Amino acid sequence: MANNNNKVVELEQVVVRFAGDSGDGMQLTGSLFSDSTAFAGNDFATFPDYPAEIRAPQGTVSGVSGFQIHFGRKNVYTSGDLADVLVAMNPASLKANMRWIKPQGLIIIDSDNFNDKWLEKAGYTTDPTTDGSLSGYRVIRTPISSMTKEAVKHLNLDPKTTLKTKNMFALGMVMYMFSREPEVIYQYFEKKFAANPIVVQANKSVLAAGYNYADTMEIVGHVYKVNPAPLSKGKYRNITGNVATAWGFIAAAERAGRPLFLGSYPITPATEILQELSYHKNLGVKAFQAEDEIAGIVSAIGASYTGSLAITTTSGPGLSLKSEAIGLAVMTELPLVIVDVQRGGPSTGLPTKSEQSDLMQALFGRNGEAPVIIVAAQSPTDCFYSAYEAAKLSMEHMTPVILLTDGSLANGSEVFRIPAVADLPEIHPPIAQANDPEYKPYRRDPEKLNRKWAIPGTPGLRHRVGGLEKEDVSGNVSHDPLNHQKMTLLREEKVMRVANYLPEQKVIGPDEAELLVVSWGGTYGVMRTVVEKMQQEGYSIALAHFRHIMPLPRNTEEVLGRYKKIIVCEINNGQFVKYLKMNFPQFKYHQYNKIQGLPFLVAELQEQFEKLLNA
């Protein structure tokens, strides 16, 4: 418990960043603090920032792992620009994160690691904690490593195991500073390490030591409190985008009455979806880890043919390998959801960093005319609803859907209000009925142009499918030139008619304004934050954030035409703006692009928008 005699300072919102060597457990530390934030009732968003190397040289800048959390009593849409509090476990983590700390921000360092050896590894020639270079910050030097050893000496642990728990000392200090009760973390230890009680005891002891140290030493003279956000009643949990994606598919399968099959090959940052679905055999989920990307998607197509909600998950390089099989799903007109958790490319690129650079591949990366529906999730919690919608569209329109998320959504987390499956939209797959005398494999619904889903084994529905062109209605193999053109146009028109079943594009802000900001996918949080901030400051600005990419919402042209200036912002070199220029060349587009494997900052976007408004 925090000392009640300490002054409590109430804050609206806070950004905390944990940083250390990649073996210091910063991701776990951040995740546990996020859990405590959820229990405290705050709204929050997180941003894990870690290296791709399995183990970069210890103590070097390239091996620094970070985790940032932005939490508050009001709606939080981003992980925050700059941190109010930075925990730096060694000199390298301090050096790598100095650009992410606010002026006058609080820096907690493990002073045991600020010695000549670690300073040299980080590239420092002098000690930044004593040479005056941190004079613009509040610095708390704490011998975290040695106090950790003291906290667990009664357990007789080996030195390596002892130091593995030092992240809990730092977490204990931050828990105290923000008036959090440690019991929720204790419960995690007891569940996670149930088979190893001494590890439970060690982590509890170190967390308590950090908590009590911050209390007795009064390291900041007071404690902070962020009151709960006004969230509606319901059951909440902390959830990452990847877990939310997996849950969205589980809900869709249940709502559609179809078994759920995942055929996939592990790849960063999509692997967690495969892991999460593999935990749910009790819900009828079949998760198959294939030998490669091609086997993953082809097994899913087979499962779709036999009546399953079939999905495959991957990232950019894997989407390249799946391209021919996506064409097979287009040709056979079977439902299939391909989840592409985007990362920096090309080739293996930046596996742990996020980009929006697969959009062109999703739109056009196949041989022949092979259009698919494309949906882009906009937040970690929206991954649930986007996965659900992607499954619904794919099954009801009998065509593949590519669901685009990205690394920041996949690993980032938010507060998620768990919905009742019964409250989600109904899903009605066009299942063909047994012995239907009118059944033909490629006979289409006159409105949607989809064909019936004939489950093998159903009496009277024998048919064949494959990658060769089909004759209209009968489905027989046909190389007739006119039939090929007709079928090509029908498959395209089927996808374009999906727009009739999508909501119109909404705009945040006035219907007409000086500037329309256009964005898509995972940048929603930061775009909404900066646009609403500028609206409050009196700027004439609005936001159109797109979740539906292919087809675009029916009113897209009308929306773009209402504003004097348009700027398209993307974490790539301008792929969506090229797509808009292709479809609506009558408008002039400005663009702002960032290709650093890092998210947009509110400050940089506002600077760009102000320049354009004042031009």
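In the predicted model, Gln104 is an exposed residue, its relative accessible area being 52%. This value lies just on the exposed side of the cut-off, since exposed residues are those over 50%. Gln104 belongs to strand 6, which spans residues 101-110. Its backbone is also notable in that phi is near 70°, a positive value in a residue other than glycine. A second non-glycine residue with positive phi is Ser179, for which the angle is about 55°. Whereas Gln104 is part of a strand, Ser179 is situated in the loop that links helix 6 (166-177) with helix 7 (183-192). Ser179 has a relative accessible area of 29% and is therefore classed as partly exposed.

Strand 6 is paired with strand 5, the two running parallel and being joined by five bridges. Within this pairing, Val85 has Leu106 of strand 6 as its bridge partner. Strand 5, comprising residues 83-88, also pairs with strand 2 (residues 13-21), again in the parallel sense, over four bridges. Here Phe18 stands opposite Val87 of strand 5. Strand 5 is mostly covered, as five of its six residues are buried. Strands of a sheet pair through backbone hydrogen bonds, in either a parallel or an antiparallel arrangement.

Ser93 is found in helix 2, which covers residues 91-97. With a relative accessible area of 0%, Ser93 is buried. Beyond its sequence neighbours up to four places away, Ser93 touches Ala19, Gly20, Val64 and Ala88. Two of these contacts, Ala19 and Gly20, fall within the residue range of strand 2, and Ala88 falls within that of strand 5. Ser93 of helix 2 is thus in contact with residues from both of these paired strands, because its heavy atoms lie within 4.5 Å of theirs.

A contrasting environment is seen at Ile198, a residue of helix 8 (residues 197-217). Ile198 has a relative accessibility of 36% and accordingly counts as partly exposed. When residues up to four places away in sequence are set aside, Ile198 touches Leu155 and Leu157. The C-alpha atom of Ile198 is separated by 30 Å from that of Ala56, a residue 142 positions away along the chain.

Two cis peptide bonds were identified, each preceding a proline. One runs from Thr268 to Pro269, with omega near 0°. Pro269 occupies the loop between strand 10 (260-264) and helix 10 (271-278). The other joins Gly345 and Pro346, with omega about 0°. Pro346 is placed in the loop that connects strand 13 (336-342) to helix 14 (359-364).

Helix 10, which follows the loop containing Pro269, packs against helix 9 (residues 241-256) at an angle of about 50°, and the two axes are 8 Å apart. At this angle helix 9 is oblique to helix 10, and the crossing of the two helices is right-handed. Helix 9 contributes Asn242, Val243, Thr245, Ala246, Trp247 and Ile250 to the contact, while helix 10 contributes Glu272, Ile273, Glu276 and Leu277. Classified by residue type, the contact comprises six nonpolar, two polar and two charged residues. The charged residues of this contact are Glu272 and Glu276 of helix 10.

Strands 10 and 13 are members of an open sheet of seven strands, arranged in the order 11-10-12-13-15-14-19 with mixed pairing. Strand 11 (285-289) and strand 19 (548-550) form the edges; each has a single partner strand, so one side of each lacks a neighbour in the sheet. On average, neighbouring strands in this sheet are turned by 20° against each other, direction ignored. At the edge formed by strand 19, two bridges join that strand to strand 14 (residues 373-376), and the pair runs antiparallel. In this pair, Ile374 stands opposite Met550 of strand 19. Helix 13 (residues 323-332) lies across strand 13 and strand 15 (400-406) of the sheet, running at about 140° to strand 15.

Definitions and conventions. Residues numbered from 1 in each chain as written. Predicted model: local features only at pLDDT ≥ 70, side-chain atom pairs only at ≥ 80, totals over all residues. Heavy atoms only, no water. Buried < 20%, exposed > 50% of the residue type's maximum accessible area, 1.4 Å probe, protein only. Axes fitted to C-alpha atoms, helices over the stretch in contact; angles between N-to-C directions. Parallel < 35°, antiparallel > 145°, perpendicular 65-115°, else oblique. Left-handed = near helix turned anticlockwise from the far one by under 90°. Pairing = 2+ DSSP bridges.
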